[in-house]
Amino acid sequence: MDAVGSRGQGYIAHEARGTSFAAPVVSGAVALLMEHFRGQLGNVEIVKRVVNTADNTGHYAQREIYGAGLLDIEAALKPVGDIATGTPSWHGDTALTLLSLPPAIGGLGQRLAAQGVEVASLDSLGAPFWSSPARFMHVAAWTPPRLIPEIGDAADGSGQPHLGFTPGTVGIPVKTGAGRPRGVVADWLNGTGASAGDFRLLKGEDRMGVEQAPGEGFRWGMLQDGSSWLGGYPSGAFGNNVRSATAWFGRSARLKLDDRWSVSASGTVAMASTDLRPGAMLEVDTHVMSTWEIGVEQGIRGVARWFRVSLSQPLRAEAGVGTLTYLAGLKDGSPAYERAAGSLAPDGRELEIAFTHERPIGWGRGAVEIEHSFDFLHEPGRTDSRIGLAYRLNLQ
């Protein structure tokens, strides 16, 4: 080993070799490792780690001179080989253990982290490494779709469908009434007294459902989803499959103030159940969600100039609990597991204000829409703004 000291403006170099000088360095490294692993590794495990992570390449491979090699404290502090986490009955590769959460749920991982929860993973030598729950749970990768306003039709009196609250779900209108195609479904819908176009069959990948979404009156629907949780997916120790079911009920109303102005409002309450793989890291209670919108309109859409300003709250969980079963570390050399419960309700509440203007332009109709969101995706302090343009040529 080398030691360098100073005297005045010059330097004097001292060189010394031997195990007596290596011993305090290794002892300090052992103490550092004991602290780093929170005292959960015993003496044998620490020594094994020091030996297995030593640099024994190049000239350090001469065992008769260097023994196990050169102490590499940086390597000893990092995971060695594969690293995994999970529960007593289900575990997976830490790098593949992810759960994308619906925006309605928001940052469940951050809420659990605020309670002091840390999820441990074990490397191939059995050493624990801790991460925030937010490392494993994040809001589903969601980019707002390109904003292209829909140009209204004077004959279209239906409201916007919820489409099961799940991205990638489409609504297929079911025609009812005299002179329309009939069948078992159509006959049943006719018997409800609903207007044509009120009902939609909901369809998507492993999804099937139905909803009634009129422009005015009661609305309801249900959706069975065999492969996602409102668009979120699990992997690794969260399991490799998820099923969910959603049912909702609401009402829409419109009040005409005069020949030009009207006010509309709608509110919906939904209930969802989610089934992850038995024994996976997360269990989800049945949760209650809500969404609402209030709008003020001027003019007649699809006929002349039309303007609308609206304030809405996208789908948000209001009640429900998610329980995380996680590896907390080691106890007496064996994996120790704990459970923590967190509210499914996000910390923020997104409010979106939108301005839409539509008017005849040339041989068709044009529309512009501007949207701005506060607490975007229900994350406090986050904002988002979008603007979209559309034009439809009238070929009639």
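In this predicted model, the charged end of Arg-301 sits over the ring of Trp-306, 4.6 Å from its centre. A second such placement involves Arg-38, whose charged end lies over the ring of Trp-130 at 3.8 Å from the ring centre.

Aromatic rings also pair with one another, and the structure holds four such pairs. Two of them are listed here.

| Pair | Distance of centres | Angle of planes | Class |
|---|---|---|---|
| Phe-37 and Phe-129 | 5.4 Å | 90° | edge-to-face |
| Phe-165 and Trp-248 | 5.1 Å | 75° | edge-to-face |

The pair of Phe-37 and Phe-129 links distant parts of the chain, 92 residues apart: Phe-37 is in the loop between helix 1 (19-36) and helix 2 (43-52), and Phe-129 is in strand 7 (residues 128-131). Both Phe-37 and Phe-129 are buried.

Phe-165 and Trp-248 likewise link distant parts of the chain, being 83 residues apart. Phe-165 belongs to the loop between strand 8 (137-139) and strand 9 (170-173), whereas Trp-248 belongs to strand 14. Phe-165 is buried, as is Trp-248.

The largest nonpolar core has 33 residues, of which Trp-229, Leu-282 and Leu-324 touch the most other members. Elements that give two or more residues to this core include helix 5 (108-113), strand 14 (242-256), strand 15 (261-276) and strand 18 (306-319). Another core, of 13 residues, lies apart from the largest one, and Phe-37, Leu-41, Val-50 and Ala-127 are among its members.

Leaving aside residues up to four places away in sequence, Leu-282 touches Leu-99, Leu-108, Trp-229, Phe-238, Leu-276, Gly-322, Thr-323 and Leu-324.

Note on methods:
Residues numbered from 1 in each chain as written. Predicted model: local features only at pLDDT ≥ 70, side-chain atom pairs only at ≥ 80, totals over all residues. Heavy atoms only, no water. Core = buried A, V, L, I, M, F, W, Y, C linked by side-chain atoms within 4.5 Å. Buried < 20%, exposed > 50% of the residue type's maximum accessible area, 1.4 Å probe, protein only. Helix = DSSP H or I, 4+ residues; strand = E, 2+ residues; numbered from the N terminus. Contact = heavy atoms within 4.5 Å. Phe/Tyr/Trp six-rings, centres within 6.5 Å; stacked < 30°, edge-to-face > 60°. Lys NZ or Arg CZ within 6 Å of the ring centre and 35° of its normal.
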